[in-house]
Amino acid sequence: MDEEARKALVLRLFDIGAVKFGTFTLKSGIESPVYVDLRVLVSHPDVLDQVANALLSAVSSVEYDTLCGVPYTALPFATLMSSKTGKPMLMRRKEVKAYGTKKMIEGVITPGQRCLIVEDLVTSGLSVFETVEPLEREQLIVNDVVVLLDRGQGGRKNIETRGKNLRSVLTLAQVLDVLVAAGKVDTVTADRVTAFIRDNQVTVTDKLEAQVLPTKKAKLQRTPFEDRAKLCKNAVGVALFSLMARKKTNLCVAADVVEAKALLDLADAVGPQICVLKTHCDIVRDWTDETGTQLRFLADKHDFLIFEDRKFADIGNTVVQQCSGGVHRIASWAHFTNAHALPGDGIVDGLRTAAGVENHGLLLLAQMSSAGNLLNKEYTSACVEMAKRHTDFVFGFISQERVIEGSEGDAFVYMTPGVKLSQEGDGLGQQYNTPTAVIADRNSDIIIVGRGIYKSDNPAATAAIYRKQAWDALA
Ligand SMILES: O=c1ccn([C@@H]2O[C@H](COP(=O)(O)O)[C@@H](O)[C@H]2O)c(=O)[nH]1
C-alpha cells in the first residue's frame, strides 16, 4: 500500500469516528486518551472495501490457502478478502453450540491447509490466539496474521514470540503522524497518546493465556506411563503402560478388514507404529485358529498387544463360553477384550473365569463415540464404580475422555475410538475427533483409528502420522 493510500485511509477512519481522541474508560478500568472502534466500518462500505484492499496488499507475498477472521469485527474484512481472492474462508464460533455438531470452526476444513488470520485491531494479541488455537486443533497450519491496526502495546511481540508472523496495515503511531500533519489532532494530544502507549505495554504470560484459552486451562499434568504401570493391578495393563513408554506410541489401529490375509498384512504393516491392534474377529470371513496364532506371532515381532473388541454383553455363564470357546476362542490369542457393564458384575466374573487374570485383562465400555448412544453420565459413573471393584482384571475403559481424575485414575488406561484427521462422520452415526483433541483436550491415553488408517493409500505411513500427532499431544 503506498503512502497516499495509507493517508487517505487514516483520514477516512478519523472522519467516520473509528479513531477518537478524548478520555475513555476501557474495559480494564484504565483511562485511555484514544479510542479505536472499527465496528463502525460496517456502516461504510467504501471504507470496508479500502480496508480489504489494504489488508490484501499487506499479505501479497504470503502464501495461504484459506483465511479466517477473528470474530466479530474482522469477519466482514475476511469475507471481502475471500470474495476478492476466491480463497475460501473459515469462521470461528465465539460460543460453541450446545447441540448438534458442537463445532468451533464453521466451513470446509482441510487439514494441512495454510490459514491466514485476519484481525481488526491488535493490543495484546490474545484474541488472535483464541482463533489460532481451534484452527490448529483442526490440523490447519497457521503461520501468518494480518491486522488493520497495531496499537503498538506489545501485541506484535506476543504474537511473534509464539511463532506467528504479524503484518499490519497501520500502527497507531502512523495514524497519529498522519492526523497531526493534516491538522486533525494537536501535538499535545498526540504526545499524550504516545505516552499512554509507552506506559501501557501488555505482556501475555502463560497464566494470562491459560485464563483466556480454555483448553490450556484444562491441560492435565500427566503421570508418565512407566509410573502408571506401577499403579495398575492387572498384568496386561502393566504390560500395556510399559510398552507405551518403551515404544513411545499411544496409537491403536482398528483392523476392521474382512479377510484373514488382509488382517495379517495390515498388522505386519502398522505393527511398528502401534501399541495395540484392535480386532473384530467375527467380521473376518475365513478366520481359523491359525489367524489367532499368526496375530500373536506378529504381536511378538512388533511389540504390540491384541485387543478383541468383542463388546460382551451377556450373563456371566454365557460370556465364559463366548470368550473361551466357539469358532474364535478369543481367550487363546487376544491379550484383552471389553465388555458392557449392563448385565452387572457377573459379566466381569464370567470373563475372568474364561480368561484368567495372569495373561488377560478387560476394558469396560464407559462411553461410546456414536451419535445418540444411551451411555449417559450415570451409566459412565456406574462403569467406573464397577471397574474399581475389579482392579485385578479391569484395567481401563473405552471412553471418549479420561473418566477418573487424579492418581486413582492413573491406574486405568483410557482408549478412545472415533478418531480421524478430518472430523466428518460416516453417515452411520460415527462421530470423529482429531488425535490432538482426544489426547490433549480430553486427556485420553490411546487413540483408536480404523478407516483413517486402513482405508488410506499407505496404511503404514498414515499410521506413522497418527502416531506422531497422538504422541506429541501428550506433551
Ligand atoms: O464407541 C465406540 C466403540 C468402539 N468403536 C470401534 O472403533 C472402531 C472405529 O473405527 P473407525 O473406522 O475409526 O470409525 C471400530 O472398530 C468400532 O467398532 C467405535 O467406533 N466406537
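This is a short tour of a predicted model, with suggestions for what to select at each stop.

**Stop 1: the whole chain**

Start with the protein chain in cartoon view. Its secondary structure comes to 20 helices and 16 strands. Of its 475 residues, 41% count as buried. Now consider contacts between residues at least 6 apart in sequence: 68% of them join residues at least 24 apart.

**Stop 2: an open sheet**

Next, select strands β3 to β8. Six strands form an open sheet here, in the order β5-β4-β3-β6-β7-β8, and the pairing is mixed. Which strands sit at the edges? They are β5 (105-106) and β8, each of which pairs on one side only.

Now step across part of the sheet, beginning with β3, residues 66-69. Strand β3 runs parallel to β6, and four bridges connect the two. To see where they meet, click on G69, which stands opposite V118 in β6.

From β6 (residues 114-122), move on to β7, its parallel partner over seven bridges. Highlight L121 and you will find its bridge partner in β7, L149. Keep L149 selected, because it leads you onward: the bridge partner of L149 in β8 is L170. Strands β7 and β8 (residues 165-171) are also parallel, joined by six bridges.

Then add the helices that link these strands. Helix α4 (residues 126-137) makes a right-handed β-α-β unit with β6 and β7. Helix α5 (residues 155-161) takes part in another right-handed β-α-β unit, with β7 and β8.

Before leaving, select β7 alone, residues 141-150. Is this strand mostly covered or mostly open? It is mostly covered, with seven of its ten residues buried.

**Stop 3: around the ligand**

Now centre the view on the ligand. It is surrounded by 16 residues, and the closest are M368, S369, P417, G450 and R451. By class, this shell has six nonpolar, seven polar and three charged residues. Strand β16 and helix α19 each supply at least two residues of the shell.

For another view of the region, colour D256, K278, S369, Q430, G450 and R451, which an unreviewed UniProt entry annotates as "binding site".

Zoom in on G450, in the loop between β16 (446-449) and α19 (451-454). Why does G450 count as buried? It has 22 C-beta neighbours inside 10 Å, and the cut-off for buried is 20 or more. Leaving aside neighbours within four places in sequence, G450 is in contact with A254 and D256.

Then click on R451, in helix α19. R451 is partly exposed, because 13 other C-beta atoms lie within 10 Å.

**Stop 4: the annotated active site**

For the last stop, select D309, K311 and D314, listed by UniProt under "active site" in an unreviewed entry.

K311 is found in strand β11, residues 305-312. With 14 C-beta neighbours inside 10 Å, K311 counts as partly exposed. Show what K311 touches, not counting residues up to four places away in sequence: N338, A339, H340 and L365.

Finish at D314, in the loop between β11 and α14 (316-324). D314 has 17 C-beta neighbours inside 10 Å, so it counts as partly exposed. Leaving aside neighbours within four places in sequence, its contacts are V319, Q322 and P343.

How values were computed. Residues numbered from 1 in each chain as written. Predicted model: local features only at pLDDT ≥ 70, side-chain atom pairs only at ≥ 80, totals over all residues. UniProt positions renumbered as here; feature names shortened; annotations may be inferred. Buried ≥ 20, exposed ≤ 12 C-beta atoms within 10 Å, placed from the backbone. Contact = placed C-beta atoms within 7 Å. Near = placed C-beta within 6 Å. Nonpolar A, V, L, I, M, F, W, Y, C, P; charged D, E, K, R; others polar. Pairing = 2+ DSSP bridges. Right-handed = clockwise from strand over helix to strand, strands pointing away.
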